[in-house]
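Here is a friendly walk through the model you are about to see. Take a moment to look it over, then read on.

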Amino acid sequence: MSQAEETAEITTGGARGIDDRKNAAIRYVFFSCALVTVLTTLGIILVLIQGSVEFFQQVSILEYLTGTEWSPVIRPRSYGVLPLVWGTLIITVGSALIAIPIGTATAIYLSEYADPQVRKIVKPTLEILAGIPTIVYGFFALSFITPIIQYFVPDTGTFNAAAGAIVVGIMIIPMVSSLSEDAMSAVPDDLRNAAYGLGATKFEVSTRVVVPASLSGVIASYILALSRAIGETMAVTLAAGMSPQITTDPFEPIQTMTAYMVQIGISDVSVGSIGYQSLFAVGLTLFAMTLSMNLISLWIKSRYREEYQ
Amino acid sequence: MSTSNPFAEGTDDIERKRMIGRVFVAICFASTLVGIVALVALIADVLYESWGWVTWEFLTYPPSQVIENFLPGGRGAGIYPALVGSIFLIALTAVFTVFLGVGAAVYLEEYASENWLTSFIEANIANLAGVPSIVYGLLGLAIFVRGMQLGSSLVAGALTLTLLILPIVIVSTQEALRAVPDSQRQAAYGVGATQWQVIRDVVLPRALPGIMTGTILSLSRAIGETAPILMVGAATSLFVAPDGLTSSFSAMPMMIFEWATLPEPEFQHVAAAGIVVLLTILLLMNAVAILIRNRYDPRS
């Protein structure tokens, strides 16, 4: 753009005092709009830290990070965040077990095997899954997934971790499949043809040439999808329940960090109470987890990116 | 460098290799079907549960605690305040988002030079897009509701949703601006236009369809968001539509959440009816966006 600016200066010639001041003012307005995004990040960090500082003036950080009971509002109170982290982990791992194999296989099919016409229809159709509001997935879990689970495991309650993990898994399939497919399609045909020339079958080309060559993009899509699963709120609140507990039984109700925040959000917890402050401590924990995963994903993409001519 | 052929082993058993290949394609194809079947099941489930519950009364009456009121012949109950609340909320969000999003994108594409500040702003936008929506809800609660004393108002909800979708709007607007050929800018400079005139009269009109498509798609994400407006304090028991910027508000996803958590099983049908209304509006917004794109896309 600097070249364009020079051109502008030359052509407007002598009488440009007013124009210059006007242009500078306009530039300043646009810059302020861009600055809003930086202020948003600063605002998020400051708000979370300020609330957390108030929280940790009353609760020891050690108890928060190592305690295994979470009951900040109801007596006897205890402030161990581990049950919430555990709930979030169960949902994240469970949804990854569904979305990563299915999403990767979908990406391989769309990139390597599917007719271009089929791909043109199937890819946007799958992306509809990502555009459906998460509250709808919560309803889907309650009215469809959980009854199916109850048919096979009759003791399962209305709220259970398995239903939450399944709907979040479905929700993030398109993130894995679309981003991985983009990465696989970017692998140049020369690599495929070279392998065919050595006598490779299509299966070998797909699994031993295309997947390794696009691995950085594929892994980055996994991490983005996991980060989305960690921050997922309404579907897990409706599907998995509000019972903070550390259990390995997927048919038990649990509570994720996000579901706890919803629970406080819909109750009348007064400002300044420990319940209100705990929102920000849990929010900070959640933010730290998703931010680090997003940064790892960006780093993998830039560090291991394969550039093809 | 090794000259051995990595694909040579086992070539004597080509039938087995072909078999593996066929099984692999079958697995990949079946996986592709999983996503599509899930989508069909979800839509079928919502339609089945809501069958007969989406009535004219449902669109025009306030909610009720009594299930009989939702039924035909009842006194009439529905989603009206939340429907109007959602429309107001999105309209207000659109105003804020277009101003801030287009402004920021124009700065980044047309004005900013390639320095550390620009790359910092762009990296920051990429990170903001990955922040969970409920965290934006906490931001809105602390800054707009408490800090600026706006309370649980329509404007507080709209500002929160604006910050949430701003990163997506900026990125899509940047793409639209980038698609305007540089030759057009140079031509305008050549006839003596200032930079502002170039942006206002050449770049923005050319990029408008792309900007509108991206903005409408982002707004369709905002209208389905529950967590941020829940933290801001959207109401579930309002019987009137919001009548001003600072009035309290209800919104469709919030209402659906409320109905879905009620213990009476009949309210599941009411929640499903609410979902049908929400998804219909989403579908309309997406259709408009696709229409604009197809109508003005130079490639089509």
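Chain A splits into domain 1 (2–57) and domain 2 (71–303), with bounds that come from an automatic or database domain assignment. This is a predicted model, in which local features need pLDDT of at least 70 and side-chain atom pairs count only at pLDDT 80 or more, while totals for chains, interfaces and linings use all residues. Residues are numbered from 1 along each chain as its sequence is written, and chains are lettered from A and ligands numbered from 1 in the order in which they are written.

Back to those two domains of chain A. Taken over C-alpha atoms, their centres are 36 Å apart. Still, 9 residues of domain 1 are in contact with 8 residues of domain 2; contact here asks for C-beta atoms, placed from the backbone, within 7 Å. On the domain 1 side, the touching residues are 6 nonpolar, 2 polar and 1 charged. For these classes, Ala, Val, Leu, Ile, Met, Phe, Trp, Tyr, Cys and Pro count as nonpolar, Asp, Glu, Lys and Arg as charged, and the others, Gly among them, as polar.

Now for the two chains together. Between them, 82 residues of chain A are in contact with 75 residues of chain B. Helix 2 (residues 17–56) of chain A gives the largest share of the chain A side, 20 residues. Helices like this one are DSSP runs (H or I, at least four residues), numbered from the N terminus, and strands are E runs of at least two. By class, the chain A side holds 50 nonpolar, 26 polar and 6 charged residues.

What about the core? The largest nonpolar core has 189 residues, and those touching the most other members are A:Phe139, A:Ala141, A:Val167, A:Ala235, A:Ala239, B:Leu138 and B:Ile256. Such a core is a set of buried Ala, Val, Leu, Ile, Met, Phe, Trp, Tyr and Cys residues joined through C-beta atoms within 7 Å. Buried means 20 or more other C-beta atoms within 10 Å of a residue's own, exposed means 12 or fewer, and partly exposed falls in between, with C-beta atoms placed from the backbone. Helix 7 (residues 161–185) of chain A supplies the largest share of this core, 16 residues. Both domain 1 (2–57) and domain 2 (71–303) of chain A give residues to the core, so it lies between them. Setting aside neighbours within four places in sequence, A:Ala141 has contacts including A:Val167, A:Ala235 and A:Ala239.

UniProt (unreviewed entry) lists "domain: ABC transmembrane type-1" at residues 85–297 of chain A and at residues 83–288 of chain B. UniProt also marks "transmembrane region" spans in chain A, among them 159–176 and 279–300. Positions follow the numbering used here, feature names are shortened, and annotations may be inferred rather than shown by experiment.

| Span | Helix | Strand | Distance between end C-alpha atoms |
|---|---|---|---|
| Chain A, residues 85–297 | 79% | 0% | 21 Å |
| Chain B, residues 83–288 | 77% | 0% | 19 Å |
| Chain A, residues 159–176 | 89% | 0% | 27 Å |
| Chain A, residues 279–300 | 100% | 0% | 32 Å |

One residue of chain B is worth finding: B:Arg185, in helix 7 (residues 182–190) of chain B. B:Arg185 is buried, with 22 other C-beta atoms within 10 Å.

Finally, confidence. Chain B has a mean pLDDT (the predictor's confidence in each residue, from 0 to 100) of 90, with 97% of its residues at 70 or more. The complex gets an ipTM of 0.91 and a pTM of 0.90 from the predictor.

Conventions. Two residues are in contact if their C-beta atoms, placed from the backbone, lie within 7 Å.
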